[in-house]
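Dear colleague,

Please find below the structure for your review. A summary of what was found in it follows.

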Amino acid sequence: MWIDSHCHLDAPEFDAYRADVVMRSRANGVSAIINLPGHVDHFEQAKLTRQVHGVITGYGIHPMWVAGPSGVSKRDDIATLRTWVEREKPDLIGEIGLDFFIPNFNQREQEWFYVEQLKIARDFDLPVSLHVRRSQDVLLKHLRKIKVRGGFAHAFNGSFQQAEEFVKLGFCLGFGGTATFPQAQQIRRLLREVPLENIVVETDAPDIPPSFLGTMGSQARNSPEYLPQIGEMLAEVRGISAKAFAAATTSNVWRVLAGRSF
Ligand SMILES: [Zn+2]
């Protein structure tokens with residue numbers, strides 16, 4: 001059985017069949033899905049989705065909603081998030097992080113949201129799910145100051161040295177659709193080199209479609225039901241059996257979430 005360690009079931013792409021997708025994923029061999037709404041307006045819906053068996057939920061404000069053309073989050077949303085975390089007792093905080101790739105990004109504002117959310121994770125002793133895009137070192141700088149209980153660095157795309165720094169801070173690195181493309185050489189190398197106990201698999205659905213759904217960067221809709229197929233491809237890159245890879249990545253997720261209520 002596999003765990004999708006990073007997914008956005010709140011996306012409108014799933015509106016018509018949110019519970020079905022979880023059930024179909026389970027039928028395909030996905031025992032759990034970590035659902036991460038990225039905006040306070042989606043928390044209510046995520047709370048409902050959490051009632052579906054096998055759905056693990058984090059609450060957080062995604063950097064995409066903080067700055068840049070789609071920035072709609074307000075600083076007051078941090079207080080809303082804190083209230084939600086206090087009341088709903090999620091399993092983690094996320095998706096949070098920094099994206100220095102999106103056009104017209106506002107670094108100061110993104111860092112403010114990131115730091116405030118790290119404080120919430122620290123105060124409630126929760127792991128975090130991190131969005132990392134051209135921002136590894138700045139993310140690490142704040143993680144060294146605000147100690148959280150580790151978490152997941154999702155769709156990791158950095159150097160081996162940066163990967164090691166996240167691992168030292170208690171993080172697992174997420175691999176998914178991108179690593180199914182032979183041309184993603186650096187990510188595939190990381191997938192072979194990072195210790196197995198620090199690897200988790202993910203879809204980031206509806207984003208990051210794997211190679212069997214389209215070309216790299218295409219708009220094809222990804223879904224957690226494809227995770228076993230993605231996992232098998234990643235196991236091949238890693239050079240181990242799919243069964244051993246599924247077992248290792250599953251136990252890594254549970255270790256990161258250890259002590260949470262699910
Ligand atoms: Zn994501």
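**Helix α4 and its surroundings**

In α4, the residues Gln-110, Phe-113, Tyr-114, Gln-117, Leu-118, Ile-120 and Ala-121 are buried (20 or more other C-beta atoms within 10 Å of the residue's own, with 12 or fewer counting as exposed, anything in between as partly exposed, and C-beta atoms placed from the backbone). These residues lie on the same side of α4, because they cover an arc of only 155 degrees around the axis, taken from the directions from the helix axis to the C-beta atoms. An α-helix has 3.6 residues a turn, so residues three or four places apart point the same way.

This is a predicted model, in which local features need pLDDT of at least 70 and side-chain atom pairs count only at pLDDT 80 or more, while totals for chains, interfaces and linings use all residues. Residues are numbered from 1 along each chain as its sequence is written.

The buried residues of α4 pack against α3 (77-88), β4 (92-99), β5 (128-133) and α5 (136-145). After α4 comes Asp-125, with a positive phi near 55 degrees.

**The protein as a whole**

The secondary structure comprises 9 helices and 8 strands (DSSP runs numbered from the N terminus: H or I of at least four residues for helices, E of at least two for strands). Of the 262 residues, 49% are buried. The C-alpha trace spans about 45 × 40 × 35 Å along its principal axes. Among contacts (C-beta atoms, placed from the backbone, within 7 Å) with a separation of 6 or more, 70% join residues 24 or more positions apart.

Yours sincerely

Terms used: Two residues are in contact if their C-beta atoms, placed from the backbone, lie within 7 Å.
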